Amino acid sequence: NEPRRSHEEAIKRACLYLLKTKDRGLILRPDPTRGLECFVDADWAGAWLDQSSHDPLSAHSRTGYVIMYAGCPTFWSSRSQSLIALSTTESEYIALSSALREVIAIQNLLSELQGRNFSLSTATPLIKCRVFEDNKSCIEIATNHRS
């Protein structure tokens, strides 16, 4: 709550950039054959270095995911995990859990929109959400339905 000259200059730079690039942008072409998709990955202890091995904060992994609808990105995130994972599998599982929390919220929103006769750009997919995860151990844990 203490605005400084540097904040004013940063805002001016951002506004100038937006003004000069208003004719540029992304062109997204929705693909009605694709429904909700989620791409997830994690970087296990990606900030860890030998020099900072005494610093426990350097052992945090990074979660990243993109949630797509009709082939267009609708939500994405890249952030440090709050827990320290002890393996790549655990790191990937934490990332998968974070991503699927967002997927559930988006599925609920899409369901509510369909219930109110809002026209969605895709046909209702047979699979509610396709999830792409590259760690086989994480996939095994996530799909194992034993108690």
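Arg29 sits in the loop between H1 and E1; helices (H or I, at least four residues) and strands (E, at least two) are DSSP runs, numbered from the N terminus. At 67% relative accessibility, Arg29 counts as exposed, where exposed means over 50% relative accessible area, buried under 20%, and partly exposed in between (1.4 Å probe, protein chains only). Leaving out residues up to four places away in sequence, Arg29 touches Ala70 and Cys72, a contact being heavy atoms within 4.5 Å. Arg29 and Ala70 are 41 residues apart in sequence, yet their C-alpha atoms lie 8.5 Å apart in space.

This is a predicted model, in which local features need pLDDT of at least 70 and side-chain atom pairs count only at pLDDT 80 or more, while totals for chains, interfaces and linings use all residues. Residues are numbered from 1 along each chain as its sequence is written, and side-chain values use heavy atoms, with hydrogens and water left out.

Ala70 itself deserves a look. Its place is in the loop between E2 and E3, and it has a positive phi of about 55 degrees although it is not a glycine. Most residues other than glycine have a negative phi. With 1% relative accessibility, Ala70 counts as buried, whereas its contact partner Arg29 is exposed.

Stepping back to the overall layout, the protein has 3 helices and 4 strands, and from the N terminus on the elements run α-β-β-β-α-β-α. Of its 147 residues, 27% count as buried. The accessible surface comes to about 11,100 Å², with 57% of that belonging to carbon and sulfur atoms; these areas come from the Shrake-Rupley method with a 1.4 Å probe, and for residues only the protein chains shown count as cover. As for how the chain meets itself, 65% of the contacts with a separation of 6 or more are between residues 24 or more positions apart.

The 4 strands form an open sheet in the order E3-E2-E1-E4, with mixed pairing; two strands pair if DSSP finds at least two bridges between them. Strand E3 (72-80) and strand E4 (129-132) are the edge strands, each pairing on one side only. From one strand to the next, the twist averages 15 degrees. Strands of a sheet pair through backbone hydrogen bonds, either parallel or antiparallel. Strand E2 (residues 62-69) and E3 run antiparallel and are joined by 8 bridges. Within this pairing, Gly64 has Ser78 of E3 as its bridge partner.

Helix H2 (residues 88-115) lies across strand E1 (36-43), E2, E3 and E4, and runs at about 155 degrees to E1. Here axes are lines fitted to C-alpha atoms, for helices over the stretch in contact, and angles run from 0 to 180 degrees between N-to-C directions.

Helix and sheet also come together in the largest nonpolar core, where E1, E2 and H2 are the elements that give two or more residues. Such a core is a set of buried Ala, Val, Leu, Ile, Met, Phe, Trp, Tyr and Cys residues joined through side-chain atoms within 4.5 Å. This one has 17 residues, and those touching the most other members are Leu36, Cys38, Val40, Ile67, Tyr69, Val103 and Leu110. H2 provides the largest share, 6 residues. Val103 shows how the pieces meet: apart from its neighbours within four places in sequence, it is in contact with Leu36, Cys38, Ile67 and Cys129. In soluble globular proteins, nonpolar side chains tend to be buried together.

Then there are the charged side chains. A search of the whole structure finds 6 salt bridges, each defined as a side-chain nitrogen of Lys or Arg within 4 Å of a carboxyl oxygen of Asp or Glu. One of them links Arg5 and Glu8 (3.0 Å, N to O). These two are 3 residues apart in helix H1 (residues 5-20), so about one helical turn separates them. Glu8 also forms a salt bridge with Lys12, the closest N and O atoms being 3.0 Å apart; this pair lies in H1 as well, 4 residues apart, about one turn of the helix. Arg5 is exposed at 54% and Lys12 at 52%, while Glu8 is partly exposed at 33%. Another salt bridge pairs Glu112 with Arg116 (3.5 Å, N to O); Glu112 is partly exposed at 45%, and Arg116 is exposed at 64%. Through shared partners, salt bridges join Arg5, Glu8 and Lys12 into one network.
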